Amino acid sequence: MPTSKGPFVVAEALYHTINKTRDEFFVISPYFVPEDYGARFFEQLVDRGVRVCIATNSLASTNNAYVHGAYAEYRERLLAAGVEFLAAR
């Protein structure tokens, strides 16, 4: 995860807050792209027994195919880890 310097101060605070989750964590974002560190983070939450559910756009409903393509790279990995996905139609 990012360090607490420069533009990462908010991200670091958010990471620590989310990391305290015990039961469920829901992400709602039309522009979801977790990158490797985000995918590892969600996998770790699931491994701890946290239900992780992500609501994002389907390719048919997005206005940004580039973002959807970047997120698609991580979808199978996250599904295999037990992350749930909901897609807008």
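What share of the 89 residues in the chain is buried? In this predicted model, buried residues account for 36% of the 89 residues in the chain.

## Overall composition

The chain holds three helices and three strands, and when these elements are read along the sequence they follow the pattern α-β-α-β-α-β. Among the contacts between residues at least 6 apart in sequence, 72% join residues that are at least 24 apart.

The accessible surface of the chain comes to about 5800 Å², and carbon and sulfur atoms contribute 55% of that surface.

## How helix H2 meets helix H3

Helix H2 spans residues 35–47 and helix H3 spans residues 65–81; their axes come within 9 Å and cross at roughly 15°. Because angles under 35 degrees count as roughly parallel, that crossing angle makes H2 roughly parallel to H3. As for handedness, H2 passes H3 in a right-handed crossing.

On the H2 side, the contact is made by Glu35, Asp36, Ala39, Arg40, Phe42, Glu43 and Val46, while H3 contributes Tyr74, Arg77, Leu78 and Ala81. When the residues of this contact are divided by character, six are nonpolar and five are charged, with no polar residue in the set.

## Two glutamates of helix H2

Glu35 and Glu43 both lie in helix H2, and both belong to the contact with H3. Is Glu43 buried or exposed? With a relative accessibility of 18%, Glu43 counts as buried, because the cut-off for a buried residue is under 20% relative accessible area. Once residues up to four places away in sequence are set aside, Glu43 touches Arg77 and Ala81, and these two residues are among those that H3 brings to the contact.

Glu35, by comparison, is partly exposed, with a relative accessible area of 38%. The backbone of Glu35 also deserves a look, since its phi is near 60°, a positive value in a residue other than glycine. Most residues other than glycine have a negative phi.

## His68 in helix H3

Which residues does His68 touch, not counting those up to four places away in sequence? They are Asn57, Ser58, Leu59, Thr62 and Arg75. His68 lies in helix H3, and at 12% relative accessibility this histidine counts as buried.

A further relation links His68 to Val33, which is 35 residues away along the chain: the C-alpha atoms of His68 and Val33 are separated by 7.9 Å.

Conventions
Residues are numbered from 1 along each chain as its sequence is written. This is a predicted model: local features need pLDDT of at least 70, side-chain atom pairs count only at pLDDT 80 or more; totals for chains, interfaces and linings use all residues. Side-chain values use heavy atoms; hydrogens and water are left out. Axes are lines fitted to C-alpha atoms, for helices over the stretch in contact, and angles run from 0 to 180 degrees between N-to-C directions. Helices (H or I, at least four residues) and strands (E, at least two) are DSSP runs, numbered from the N terminus. Angles under 35 degrees count as roughly parallel, over 145 as roughly antiparallel, 65 to 115 as roughly perpendicular and the rest as oblique. A crossing is left-handed if the near helix is turned anticlockwise from the far one by less than a right angle, and right-handed if clockwise. Contact means heavy atoms within 4.5 Å. Ala, Val, Leu, Ile, Met, Phe, Trp, Tyr, Cys and Pro count as nonpolar, Asp, Glu, Lys and Arg as charged, and the others, Gly among them, as polar. Buried means under 20% relative accessible area, exposed over 50%, partly exposed in between (1.4 Å probe, protein chains only). Accessible areas come from the Shrake-Rupley method with a 1.4 Å probe; for residues, only the protein chains shown count as cover.
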